[in-house]
Amino acid sequence: MPNVTHIAVTGDTTYDVVVGHGLDSELASLIGSSTSRVALIHPATRPGDARRLATVVRSTGAEPVLIAVPDSEAAKTADVLTDCWTALGRAGFTRSDAVIGIGGGATTDLAGFVAASWLRGIRLIHVPTTLLGMVDAAVGGKTGINTSEGKNLVGAFYAPAGVLCDLDALSTLPKVDLVAGMAEIVKVGFTTDTAILDIVEADPVAALDVHSGPLRELVERAIRVKASVVSEDLREARPGGLGREVLNYGHTFAHAIELVERYTWRHGHAVSVGLAFIASLGRLSGRLSDADAARHRAVLTALGLPITYASGRFPELLDAMRIDKKSRGDLLRFVILDGIGRPGLLEGPDIALLEAAYAEVSEVSP
Ligand SMILES: NC(=O)c1ccc[n+]([C@@H]2O[C@H](COP(=O)([O-])OP(=O)(O)OC[C@H]3O[C@@H](n4cnc5c(N)ncnc54)[C@H](O)[C@@H]3O)[C@@H](O)[C@H]2O)c1
């Protein structure tokens with residue numbers, strides 16, 4: 001495999017997602033020679049990557065401006081956004097300057113919105129350091145913050161100039177976060193690129209080894225699918241076919257768990273249970289075979305992902321699924337499979353069917 005892989009995302013603007021080991025040298029060309037100042041937005045708890053990349057910024061002749069923000073979701077607030085604007089204003093950021101978002105999906109979501117909103121848009125580079133960030137959050141141009149009313153309610157579609165996925169960053173990521181990120185990768189395996197499932201099934205241990213060929217291949221395959229989906233459907237306009245909605249496979253139930261659990265669950269864990277739920281719903285509605293539904297559970301379990309959720313919570317989960325849908329102005333509709341790799345839609349299913357699928361993922365009380 002070549003040392004560095006470039007995956008193009010096309011649309012209003014075209015940019016590359018770069019995957020490999022040790023990618024600092026790729027950063028200089030993304031910054032360009034006409035940039036005077038570069039903000040490095042990073043979690044205060046993880047200053048190391050930002051300090052290292054500041055050296056690369058300096059080597060281009062630009063001035064690095066380190067902006068430390070709270071870790072994780074605490075970064076995605078209007079207050080932190082304002083703090084970032086203040087920092088850019090004080091450092092005199094102009095149209096020709098740039099922002100780099102370094103961290104997990106929360107940090108790159110915030111940094112993306114800072115870049116999108118400052119002077120109506122300045123150059124943005126993402127350096128995701130979690131698996132979820134690499135295969136999902138930093139690819140596709142969605143940026144934003146939360147409000148007290150809910151997650152990701154304020155934001156913008158804003159394409160970066162480039163995304164650097166340096167797999168070396170994953171070596172410090174706790175195993176639990178690595179495993180959680182895998183849920184989004186296998187989701188893509190179920191809907192689109194079934195080779196992903198073959199790779200995980202062949203050797204689940206290698207799939208979770210950040211120095212292995214299989215993990216790199218999984219990351220690249222998942223990014224290729226997301227890049228191709230968002231290139232076709234940049235703003236969720238759904239010109240025909242499923243468009244970007246295919247990325248929501250397993251996500252309606254996952255969002256319901258996240259809401260009911262007040263966002264204390266890792267997104268990937270919720271997605272994993274959501275995948276087990278949607279496989280059951282597919283089977284119970286006569287669209288997916290028993291074997292294909294069982295394959296969902298086997299792949300998720302092999303990676304150490306959860307496939308069950310507390311019993312007795314159906315009314316809350318149903319309400320939460322309805323809220324999730326309301327934001328789209330639709331009746332309940334699910335991306336569902338008519339076989340592995342064959343996504344379709346299920347609209348307005350019977351509540352009894354949803355309850356039966358929930359029963360299949362419910363934890364049996366001891
Ligand atoms: N924009 C999108 O399209 C999109 C898609 C999916 C998710 N998201 C967003 O992404 C966020 C979740 O992202 P996440 O799962 O990366 O969580 P996160 O950003 O909260 O990061 C998880 C934790 O890992 C730490 N961390 C980051 N890199 C590390 C490393 N290399 N080693 C050790 N620790 C490290 C972080 O500091 C944090 O504590 C959510 O806010 C979600 O809304 C956005």
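This section describes the surroundings of the ligand and the packing of two helices in a predicted model.

The shell around the ligand comprises 22 residues, of which D71, S72, E73, T129 and T130 come nearest. By residue class, this shell divides into nine charged, seven polar and six nonpolar residues. Polar contacts to the ligand involve both side-chain and backbone atoms of the protein. In the side chain of K76, an N or O atom is placed 2.9 Å from an oxygen atom of the ligand. Nitrogen atoms of the ligand are also engaged: a polar side-chain atom of T129, one of the residues that come nearest, lies 2.7 Å from a ligand nitrogen, and a backbone N or O atom of A169 lies 2.9 Å from a ligand nitrogen. On its own, the ligand has 870 Å² of accessible area, and the protein covers 84% of this area. Two or more residues of the shell are contributed by each of the elements α4 (105–117), α5 (131–137) and β8 (150–157).

The second feature concerns helices α6 and α7. Helix α6 spans residues 175–191 and helix α7 spans residues 195–202; their axes come within 7 Å and cross at roughly 125°. An angle over 145° would count as roughly antiparallel, and one of 65 to 115° as roughly perpendicular; the two helices are therefore oblique to each other. On the α6 side, the contact is formed by I185, V186, V188, G189 and F190, which meet I196, L197 and V200 of α7. The residues of this contact divide into seven nonpolar and one polar, with no charged residue. In the shell around the ligand, by comparison, nine residues are charged.

Conventions
Residues are numbered from 1 along each chain as its sequence is written. This is a predicted model: local features need pLDDT of at least 70, side-chain atom pairs count only at pLDDT 80 or more; totals for chains, interfaces and linings use all residues. Side-chain values use heavy atoms; hydrogens and water are left out. A residue is near a molecule or strand if one of its heavy atoms lies within 4 Å of it. A polar contact is a pair of N or O atoms within 3.5 Å; within protein, one must be able to donate a hydrogen and the other to accept it, and residues adjacent in sequence count only if both atoms are side-chain atoms. Accessible areas come from the Shrake-Rupley method with a 1.4 Å probe; for residues, only the protein chains shown count as cover. Helices (H or I, at least four residues) and strands (E, at least two) are DSSP runs, numbered from the N terminus. Ala, Val, Leu, Ile, Met, Phe, Trp, Tyr, Cys and Pro count as nonpolar, Asp, Glu, Lys and Arg as charged, and the others, Gly among them, as polar. Axes are lines fitted to C-alpha atoms, for helices over the stretch in contact, and angles run from 0 to 180 degrees between N-to-C directions. Angles under 35 degrees count as roughly parallel, over 145 as roughly antiparallel, 65 to 115 as roughly perpendicular and the rest as oblique. Contact means heavy atoms within 4.5 Å.
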